[in-house]
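Hi everyone, thanks for coming. I'd like to talk you through one pocket and a few cysteines today. Let's bring it up on the screen.

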Amino acid sequence: MTSSVPRLVVAAPCSGSGKTTVATGLMAAFAARGLAVSPHKVGPDYIDPGYHALATGRAGRNLDAYLCGAELIGPLFAHGARGCDLAVVEGVMGLYDGAAGEGELASTAHVAKLLRAPVVLVVDASSQSRSVAALVHGFASWDPEVRVAGVILNKVGSERHEAMLREALDASGVPVLGVLRRAPQVDTPSRHLGLVPVAERRADAVAAVAAMAVQVADGCDLDALMALARSAGALPGPAWDAAEAVGSPAHDDRSAGKLGPLVAVAGREAFAGHPTRSAGRRTPVVAVAGGEAFTFSYAEHAELLTAAGAEVVTFDPLRDDRLPEGTGGLVIGGGFPEVYAPELSANEPLRKAVAELASAGAPVAAECAGLLYLARELDGRPMCGVIDAKARMDERLTLGYRDAVAVSDSVLAVAGTRMRGHEFHRTVVEPGAGASPAWGVRAPERRVEGFVQHGVHASYLHTHWASEPGVARRFVERCLTS
């Protein structure tokens, strides 16, 4: 199978150049033309894909060569872009910035090469004129395998400024495909971890995305950009498929006594001696936290849980006073519980329901914000009390990729399972690890972190389950047997 979906990678020399505005605006502008647009984001960022989803009406998907491995970038892209007319991929940081100490790994340039996609460079031209040509020439010539095929000039001050920039770029060989003036109406507010998520400002976000679409449609040559997207090389190989990744759905094998032993298959977990599909299968309910306080999740996680045999149901810890009917497992991803600590604490019925579910041994997987919610308290306010730890806001930003190994057997993995993850928070949990830690992390310093107790796995580490589909299978198996 070959994917030939037209595609563009939107990159920049550095963060703050306007990638999100341009990428989201392009998505919305092309969608307004009636095209099915597939939105993608390089790296682990959860927030930008929310704006992409608003622009396209499709799930925003991440392409992270560190978390998932370079070999999965093409298949995951093809999965998300299946049936679409165009794919727009927003880059991360500067074009050539990747995982620290890992060369090009996980950079926008790396992903562009893996996707055989042309790159459109967004340049903040607000404080330069002729120098723009030297900057673009440097980025276009740095790596011959990266095809910087066009430039969009952002924050251009006037017609005279635009003329100076175009004249300078005439000799660069890289065409100008768009010029955008300063436009406050497209700005999106930020706070301690970046942009404010769509879920927290939906009406304003809708208006901002609409403004981006108008600005980009007025200032960019959409026909030329579409022609450029069609020049992308074909991607060989099959699209990623959650059902194929997981294998057969999980089964309730209580009549046989217990599940077969775990064995390693192609770098992931599988169950040996597993019963056939006809053996007493039921569908466990996996409740996934959502709403304004818990907005961080990868679309593939729900797809993997569903493929593993679960019914995935979303609930809102800010508003729902009980878990979904029949909840047999709980997934609490990332987000901003620190912003909503008073409201989360005030919802005492749900906090008690979560604690009761955990004490009954049901599987609970919590990442970052989920860890804070399970703690005894957050900034002095009572939380669920599942984990005997206190959480608080901190001035220091903890940020970076992590190479981790499971320290303890848990509902997600057996001890010794290696996974890559990402940390991004301005909070501290004390203590940082329980008697049975979740992960051992090698860099930037060797340490253990997180908590494994009964059916609970709680950690600061964000992981992408597509890299280790056995995580979803194991979790659903535990839902069936707890």
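Let me start with a term: a residue counts as buried when its relative accessible area is under 20%. Please also keep in mind that this is a predicted model.

With that cut-off, look at cysteine 368: its relative accessible area is 7%, so this residue is buried. Cysteine 220 falls in the buried class as well, because its relative accessibility is 9%.

Now, how many disulfides does a search of the whole structure find? The count is zero. For anyone who wants the reminder, a disulfide is a covalent bond between the sulfur atoms of two cysteines. Cysteine 220 has its nearest cysteine sulfur, the one in cysteine 14, 18 Å away. For cysteine 368, the closest cysteine sulfur belongs to cysteine 384, and at 15 Å that is too far for a bond. The cut-off here is 2.5 Å between the sulfur atoms.

On to the pocket. I picked the second largest one, with a volume of about 900 Å³. Its lining takes in 43 residues, and nearest the centre lie Phe294, Thr295, Phe296, Ser297 and Tyr298.

Which element gives the most to that lining? It's α10, with five residues. Others that supply at least two residues each include α2 (48–56), β14 (285–289), β16 (327–332) and β25 (456–459).

As for chemistry, the lining of this pocket divides into 26 nonpolar residues, 13 polar and four charged.

That's my tour, and I'm happy to take questions!

Key:
Residues numbered from 1 in each chain as written. Predicted model: local features only at pLDDT ≥ 70, side-chain atom pairs only at ≥ 80, totals over all residues. Heavy atoms only, no water. 1 Å grid on protein atoms, 1.4 Å probe; cavity = no way out; pocket = protein on both sides within 12 Å on 5 of 7 lines; lining within 4 Å. Points joined across faces, edges and corners; volume = space filled by probe spheres on them. Helix = DSSP H or I, 4+ residues; strand = E, 2+ residues; numbered from the N terminus. Nonpolar A, V, L, I, M, F, W, Y, C, P; charged D, E, K, R; others polar. Buried < 20%, exposed > 50% of the residue type's maximum accessible area, 1.4 Å probe, protein only.
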